[in-house]
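Here's a quick tour of a protein model, put together for someone who'd rather look at residues than read a methods section. Keep the structure open alongside and click through as you go.

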Amino acid sequence: MTITQAAAAPLRIGPIQVDAPVVLAPMAGITNMAYRRLCREYGAGLYVCEMITSRALVERTPESMRLIRHHESETPRSIQLYGVEPNTVAEAASILVGEDRADHIDLNFGCPVPKVTRKGGGAALPWKLDLFRDLVTKTVKAAGDVPVTVKMRKGIDGDHLTYLDAAKIARDAGVASVALHARTANEHYSGQADWSAIATLKETITDIPVLGNGDIWSAADALRMVHETGCDGVVVGRGCLGRPWLFGDLAAAFRGEDLRAAPSLGDVAVAFRRHAELLVEFFESEEHGCRDIRKHVAWYFKGYPIGGEVRSGLAMASSLQEIDDLLGKLDWTAPYPGADVEGPRGRAGHAKRTALPDRWLESRDVDAEFRKVLAAAEMHHSGG
């Protein structure tokens, strides 16, 4: 399948119209204000901030309040909330709406990280149908006119699938769209995403948009997902690491244009330098911003001939001047390497058993005693 196709319809999330049916997936430590701004400069879409812990937001911890900030150029403003106690998540939504801090709220039911699932959160939570219904319903009510969406996984494992039940509950509760990462929690990011599950979800949920997520490494992958599954849009996570221009490629592809980003080494250097500059502004510290950009070096320069000395230097730079000096040593005319840059990026990891609360799988309901446990778990937060 080639990139060129008929122009795709805009994505509508409640009252919000997104010209390109593309969503930046929340990624911890990645999708902060700096990276969202950078991606916007290259393309169109809905750009979601990294996951915010509801309890931390309710308690107004300095870190959570910093993470929910948006630059004046960001519109619509999109924030993802995580929590396990319905009243706390709803209160967090009320704060965002009441203080005009968000135009869209996404709820995280897809995170497979042990510190989240062992508390009954993330990808573990939809197994408990009454808890899931209560949390989504109260959050939608608290959000009022601000659209609420849900991002989830197929389930905990192949024997404990949750996505169809959860999607129906979410739709009935009034969410504006549902997004499916087509892997189970046990699979983490390993193997190949099961796009057939996205197709099944789209066949089941026909009255609100269904978005697909998993193994989108290029605009061609995004078009193929929409073609094969019928989904209304795509959610892009690891595929954009070190490649903010992917959003320009995606926007062009969904406009029906035959365009593919093939950045030279100079193009990559410009994007990397701009990212570092935006991080310095975001952290209000040159040292902190330059330290944070280090984790992006391998992603940006994957497959490009930059040499070990420059590569290691960028991974240790502590000032923008150091970065400029190192980038100046590169051959900016070096062309796009092609296949060496393509395909998966970021950690895939291995399939592993999901950490869950004791006896979590014995019932799909939560008793009164366990709700007390969930409330206590909500008290322990990471600050953002």
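Right after helix α10 comes Gly-256, which has a positive phi, near 90°. This is a predicted model, so take every value here as computed from predicted coordinates. The helix just before that glycine, α10 (residues 246-254), is mostly covered, with 9 of its 9 residues buried.

**Helix α10 and its surroundings**
- If you want to click through the buried residues of α10, they are Leu-246, Phe-247, Gly-248, Asp-249, Leu-250, Ala-251, Ala-252, Ala-253 and Phe-254.
- What do these buried residues pack against? Their partners are two helices and three strands by label: α1 (33-42) and α9 (219-229), plus β3 (22-24), β4 (46-47) and β13 (233-236).

**Backbone oddities in the loops**
- Arg-60 isn't a glycine, yet its phi is positive, at about 55°.
- You'll find Arg-60 in the loop between α2 (54-58) and α3.
- Is Arg-60 buried or partly exposed? Its relative accessibility is 37%, so Arg-60 counts as partly exposed.
- Asp-100 is another residue other than glycine with a positive phi, here near 50°.
- Asp-100 sits in the loop between α4 (86-98) and β7 (104-109).
- Going from Thr-75 to Pro-76, the peptide bond is cis, and omega is near -5°.
- Pro-76 belongs to the loop between α3 (62-67) and β6 (78-82).

**Where α6 meets α7**
- The axes of α6 (residues 129-143) and α7 come within 9 Å of each other and cross at roughly 30°.
- Angles under 35 degrees count as roughly parallel, so α6 is roughly parallel to α7.
- The handedness of this α6 and α7 crossing is right-handed.
- On the α6 side, the residues in contact are Leu-129, Phe-132, Arg-133, Val-136, Thr-137 and Val-140.
- On the α7 side, they are Asp-165, Ala-166, Ile-169, Ala-170 and Ala-173.
- Sorted by class, the α6 and α7 contact has 8 nonpolar, 1 polar and 2 charged residues.

**Where α12 meets α15**
- Helix α12 (residues 286-293) and helix α15 (residues 320-327) have axes that come within 9 Å and cross at roughly 40°.
- How are α12 and α15 set relative to each other? With that crossing angle, they are oblique to each other.
- From α12, the contact uses Glu-286, Cys-290 and Ile-293.
- From α15, it uses Leu-320, Gln-321 and Ile-323.
- The class split for the α12 and α15 contact is 4 nonpolar, 1 polar and 1 charged.

**Asn-213, a buried polar side chain**
- Asn-213 is part of strand β12 (residues 210-213).
- Its relative accessibility is 6%, so Asn-213 counts as buried.
- What does the Asn-213 side chain pair up with? One partner is the side chain of His-181, through a polar contact of 3.4 Å.
- A polar atom of the Asn-213 side chain also lies 2.7 Å from the backbone oxygen of Val-235.
- Leaving out residues up to four places away in sequence, Asn-213 touches Lys-151, Leu-180, His-181, Ala-182, Ile-198, Met-225, Val-235, Val-236 and Gly-237.

**Ala-176, between a helix and a strand**
- Ala-176 lies in the loop between α7 (163-173) and β11 (177-181).
- With a relative accessibility of 14%, Ala-176 counts as buried.
- Not counting residues up to four places away in sequence, Ala-176 has contacts with Ile-13, Gly-14, Pro-147, Val-148, Thr-149, Ile-208 and Pro-209.
- His-71 is 105 residues from Ala-176 along the chain, and their C-alpha atoms are separated by 24 Å.

**Phe-370, in helix α16**
- Phe-370 is located in helix α16 (residues 368-378).
- Buried means under 20% relative accessible area, and Phe-370 comes in at 18%, so it counts as buried.
- Which residues does Phe-370 touch, setting aside those up to four places away in sequence? They are Pro-357, Asp-358 and Trp-360.
- Phe-301 is 69 residues from Phe-370 along the chain, and the separation between their C-alpha atoms is 48 Å.

Conventions:
Residues numbered from 1 in each chain as written. Predicted model: local features only at pLDDT ≥ 70, side-chain atom pairs only at ≥ 80, totals over all residues. Heavy atoms only, no water. Helix = DSSP H or I, 4+ residues; strand = E, 2+ residues; numbered from the N terminus. Buried < 20%, exposed > 50% of the residue type's maximum accessible area, 1.4 Å probe, protein only. Contact = heavy atoms within 4.5 Å. Axes fitted to C-alpha atoms, helices over the stretch in contact; angles between N-to-C directions. Parallel < 35°, antiparallel > 145°, perpendicular 65-115°, else oblique. Nonpolar A, V, L, I, M, F, W, Y, C, P; charged D, E, K, R; others polar. Left-handed = near helix turned anticlockwise from the far one by under 90°. Polar contact = N/O pair within 3.5 Å; in protein donor to acceptor, adjacent residues only side chain to side chain.
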